[in-house]
Amino acid sequence: VWQREQLRERALEPLMRDVELPLVHVLREMELAGVRLDVARLQVITERVRGEIRDLEEDIFRLAGTEFVIGSPQQLGEVLFNGLGLSRKRRGKTGFSTDARVLQAIRGEHEIIPVIERWRELNQLDKTYFSVLPQLVDGESRIHTTFLQAVATTGRLASTNPNMQNVPIRTDLGREIRGCFEAAPGAVLLSADYSQIELRVLAHVADEPVLKDVFVRGEDVHTATASQVFQTPADQLTLGQRSRAKMINYGIVYGLTDFGLADRLDIPREEAKAIIDAYLDRFPGIRAYIEGTIERATEAGHVTTLWGRRRQIPELKARNWQVRTLGERLAVNTPIQGTAADVLKLAMIRCHRALSGSGVRLILTVHDELLFEGAPHDVEAARAIVEREMVGVWEHDPPLAVDVGVGRTWLEAK
DNA sequence: CAAACTTGCCAC
DNA sequence: AAACGTGGCAAGTTTG
Ligand SMILES: Nc1nc2c(ncn2[C@H]2C[C@H](O)[C@@H](COP(=O)(O)OP(=O)(O)OP(=O)(O)O)O2)c(=O)[nH]1
Ligand SMILES: [Mn+2]
Ligand SMILES: [Mn+2]
């Protein structure tokens with residue numbers, strides 16, 4: 001009863017009625033549908049990778065001069081920092097960190113480091129995907145995730161058992177794994193992913209003229225940042241570089257410091273500061289939006305999305321500096337990430353309705369992407385419908401845009 | 001011995 | 001870890 005009263009008081013009834021409740025059935029059907037996994041293809045990759053892991057282990061033990069549990073950060077730190085005397089960077093609660101950014105920073109100090117980095121990549125994918133996914137398929141070789149509708153504080157969905165929202169794609173091996181998810185025999189997949197979604201939401205809520213203009217012109221901010229930071233012509237950029245630029249673009253908006261950027265890019269702090277300053281100077285409305293949002297959130301004690309989703313931010317009242325600045329970053333991030341979540345949920349409902357009886361069904365959702373499955377002819381017809389429904393959720397400036405692809409596998413469709 | 005915590009890392 | 005955000009998962013280690 002008190003929950004219902006709170007819903008009314010906080011004007012959340014439209015969100016509940018028009019978004020969350022209709023979404024339940026859409027999610028249920030997606031979970032039942034599942035997505036097909038090519039187990040044989042995955043098996044071939046698995047055997048090849050496990051062979052390489054064994055070779056890497058031998059190399060690591062030889063270079064270290066001792067055998068140890070590579071997967072134990074404690075033992076690895078002992079070998080690297082005491083045994084080999086390599087430089088220590090950050091330290092955690094238990095000892096000196098050995099994470100990927102530390103290894104990147106000391107890569108030149110010893111030939112064992114690149115081998116460990118490779119072992120980490122392969123071993124992580126082995127234990128998380130190769131060892132787990134084949135056990136989860138049903139009689140039709142399909143995997144059924146569970147979507148969590150009320151876990152993420154911003155309104156995003158989460159996915160569990162297995163998490164289908166963090167299937168690898170960024171490395172070559174990751175792309176091979178992504179390529180193991182496929183359509184049913186005779187069918188194809190259609191992937192539709194919003195272009196630069198949170199930057200578009202930001203351009204609107206911050207009313208940032210330069211950023212709006214970028215989207216009106218049809219330009220790509222991630223590519224532009226990559227080109228600037230990596231000093232490379234736009235048409236020569238790799239997917240990896242654009243992906244790094246994405247991290248930079250969102251990082252800066254949500255409070256990334258020169259220290260943090262320098263660490264992530266492995267560059268001097270001054271260079272990192274120059275990148276951040278250039279970014280915020282180019283889009284002056286972002287600075288103003290950040291400051292205004294923090295001020296209003298501190299006053300109100302909460303923030304809301306465009307559809308009225310609300311998050312209390314008690315951290316803003318903290319006297320502890322660490323907690324309070326966390327609250328400031330939450331105040332900026334939540335309305336934007338949350339608005340993008342609202343958009344996707346509405347798009348799911350609209351697409352589900354528009355495609356009922358079409359032979360094309362929604363099978364996955366990944367924060368700003370929808371994945372559909374159907375016969376090639378039906379999917380071709382669905383293409384325009386999906387794009388129209390996804391773009392049509394948003395009646396603001398700048399408009400949203402969607403990248404659509406079709407293929408046999410999830411990798412090919414992207 | 002299992003639960004809880006820590007570290008590290010995948011995705012968006 | 002000092003200070004982009006949202007998640008889930010596996011393994012090692014500590015705790016009870
Ligand atoms: N704070 C933060 N948000 C991120 C990060 N990566 C992705 N996101 C959020 C913001 C994105 O708009 C949203 C969807 O991710 P995508 O990979 O689809 O990127 P985006 O839509 O910006 O670009 P795209 O044109 O699809 O390649 O997820 C990140 O590193 N930090
Ligand atoms: Mn996107
Ligand atoms: Mn996406």
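**View 1. Two manganese ions share Asp193**. The manganese ions ligand 3 and ligand 2 lie 3.6 Å apart, and Asp193 coordinates both. This is a predicted model: local features need pLDDT of at least 70, side-chain atom pairs count only at pLDDT 80 or more, and totals for chains, interfaces and linings use all residues. Residues are numbered from 1 along each chain as its sequence is written, chains are lettered from A and ligands numbered from 1 in written order, and side-chain values use heavy atoms, leaving out hydrogens and water.

**View 2. Asp193 and Asp368 at the manganese ion (ligand 3)**. Both coordinate this ion through OD, at 2.2 Å. Donors are N, O and S atoms within 2.8 Å of the metal (3.2 Å for Na, K and Ca); water is not among the atoms, so sites may look incomplete. Asp193 sits in strand 6 (residues 188–194), Asp368 in the loop between strand 9 (361–365) and strand 10 (369–374), so the pair ties together parts 175 residues apart in sequence. Strands are DSSP runs of E, at least two residues, numbered from the N terminus. Asp193 is buried, at 16% relative accessible area; Asp368 is buried too, at 15%. Buried means under 20% (1.4 Å probe, protein chains only).

**View 3. The surroundings of DNA strand B**. Of the 21 residues around DNA strand B, Ala100, Asn166, Ile169, Arg170 and Asp368 come nearest. Sugar and phosphate make up 86% of the DNA strand B atoms within 4 Å of the protein.

**View 4. Side chains at the backbone oxygens of DNA strand B**. Side-chain N or O atoms of Ser97 and Arg120 lie 3.3 Å and 3.1 Å from a phosphate oxygen, respectively. For Arg178, a sugar or linking oxygen is 3.5 Å from a side-chain N or O atom.

Technical notes
Helix = DSSP H or I, 4+ residues; strand = E, 2+ residues; numbered from the N terminus. Buried < 20%, exposed > 50% of the residue type's maximum accessible area, 1.4 Å probe, protein only. Near = heavy atom within 4 Å. Polar contact = N/O pair within 3.5 Å; in protein donor to acceptor, adjacent residues only side chain to side chain.
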